Amino acid sequence: MPSTDLTSAHAFAELAGRLADLETVADVAETVCTAAAPLIGGGSVGLVLYEQRRFRLAGADDAVLAAAIDRQLVATEGPALDAARASAPVFADLTTTPLWSRWTPSACALGWRRWLSLPLMSRDQWCLGVLEVAGRTAAELGTAQIEQARVLAEHVAVAIDAARIRQTLLVAQIAQETVGQAVGILMERLDLTAEQAIGFLRRYSQEQHLKLRDVAAGLIATRKLPDPTGSR
Amino acid sequence: MSVISSPADNSAARFAHLAVELHNLTGIEETVDVVVGFALQALNCSYAGLTVWASGSRPEIAAVTAPVVAEVFELQLGTETGPLVTTMHDRETVLIRDTESDHRWPEWAAKVSALGVRSVLDVPLLFGARHATTTGVLGLYSPEPDAFGPDDEAVAHILARHATVAIATTRHEANLAQAVDARKLVGQAMGILMERFDIDGDRAFAVLRRYSQDTNTKLRDVAQQLIDTRRLPRVNGPKP
């Protein structure tokens with residue numbers, strides 16, 4: 001029989017495979033929150049994602065954990081935000097920590113004692129979000145669980161980043177076709193190369209303080225460049 | 001015993017680092033090179049190789065750590081028989097404890113043992129639902145007989161799983177990036193036709209698609225020709 005150490009590695013590999021087959025970031029978040037806790041061997045698991053310049057609770061396997069995470073976002077302080085800011089793990093015993101004077105008492109009141117926030121890094125080394133692991137007792141989130149949670153966080157970061165890249169590329173297909181049509185119209189009308197037409201559109205959108213996408217959509221719909229006065 | 005299973009370094013952590021490293025690479029070649037390199041470090045093997053096979057095409061040797069691995073592969077791909085071929089078709093692991101006493105593929109085994117390879121472990125790469133037509137094999141080799149124990153087999157399976165994820169993800173991303181580029185070109189060609197004939201996007205797309213079908217040319221290529229020449233390609237073939 002293989003050693004027990006490999007049993008854990010095998011379970012994480014299976015999870016990584018499952019996550020890689022999912023389509024969207026939301027699917028990955030849901031599966032992590034429903035399936036990941038047993039791999040850590042204790043504690044509860046939640047996920048905070050950084051999307052459109054905001055932190056958002058993406059899920060938790062425990063409603064009381066979701067409440068405590070939510071309070072961090074409301075109080076705008078807490079281990080998740082520190083972990084994201086520093087791109088480094090944050091671990092705290094909430095019964096003794098002097099940190100986060102607004103948030104810590106409320107998390108303790110909800111019954112949480114130990115808290116681990118692990119940043120999820122993208123391929124380009126920016127923070128995608130934070131994996132939150134919390135324990136109601138010291139034993140629920142001890143050294144062994146912290147080690148497993150760190151392994152989990154690496155796999156979760158990979159899966160979320162891969163799903164995010166796929167989503168971005170799918171959105172880009174639609175955007176590129178719209179901008180492409182506008183470029184084609186200008187190429188034909190003004191006898192320009194594609195590069196010249198793209199340059200023309202870019203300059204126009206900058207000068208008029210309009211989004212490139214909007215200029216392109218306007219040109220396609222009306223066959224005219226959007227009104228420079230912005231009166232639409 | 002595998003190096004990786006020593007308690008001093010946790011194998012789950014090492015595989016997690018590998019998964020991150022593989023994700024950070026964007027090319028297939030680098031990906032498979034890292035996989036076979038990891039095999040050499042983590043397993044009791046002297047050589048490793050990886051083949052990937054998409055249905056409808058020939059199996060391809062994606063990476064080898066030594067020329068002898070390519071020879072072991074070629075010996076099987078030529079005759080379409082051997083443990084690698086069996087692993088690929090049956091999608092099951094094949095372990096050969098000693099090529100000098102193997103009876104399943106005696107001809108192949110004799111040649112391989114003459115190359116100095118005694119132990120062979122072939123592990124399938126099982127791609128998920130989206131890639132059901134693709135498979136691959138991670139091949140591990142040792143000049144020692146009976147080199148691979150249960151831990152090596154377990155490590156090889158875990159490595160194969162991560163390799164599968166990394167290869168599938170890399171391919172999918174590359175395909176999507178190509179699609180983005182194609183959509184840009186098709187959009188430009190549509191715009192040219194929309195302006196020229198004063199038609200809407202749907203009709204412009206229908207014109208491009210008809211030319212694509214009539215000339216049996218990819219839509220992307222029809223678009224590229226129109227952009228380059230400002231003319232629609234001639235229709236030479238018979239009309240449907």
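**Exercise 1.** Why does the span of helix α6 of chain B agree with its 48 residues?

*Solution.* The model is predicted; local features need pLDDT of at least 70 and side-chain atom pairs pLDDT 80 or more, while totals for chains, interfaces and linings use all residues. Residues are numbered from 1 along each chain as its sequence is written, with chains lettered from A and ligands numbered from 1 in the order in which they are written. Helices here are DSSP runs of H or I with at least four residues, strands are E runs of at least two, and both are numbered from the N terminus. The expected span is 1.5 Å times one less than the number of residues. For residues 150-197 of chain B this gives 70 Å, and the end C-alpha atoms lie 69 Å apart, so the two agree. After α6(B) comes D198(B), with a positive phi near 50°.

**Exercise 2.** Find which elements of chain A touch chain B.

*Solution.* Count contacts first (C-beta atoms, placed from the backbone, within 7 Å): 44 residues of chain A meet 48 residues of chain B. On the chain A side, α1 (4-20) and α7 (143-190) each supply at least two residues. The largest share, 26 residues, belongs to α7(A).

**Exercise 3.** Compare chain A with a compact globule of 232 residues.

*Solution.* The rule is 2.2 Å times the number of residues to the power 0.38, with the radius of gyration taken over C-alpha atoms. It predicts a value near 17 Å, but chain A has 24 Å. The C-alpha trace of chain A spans about 70 × 50 × 25 Å along its principal axes.
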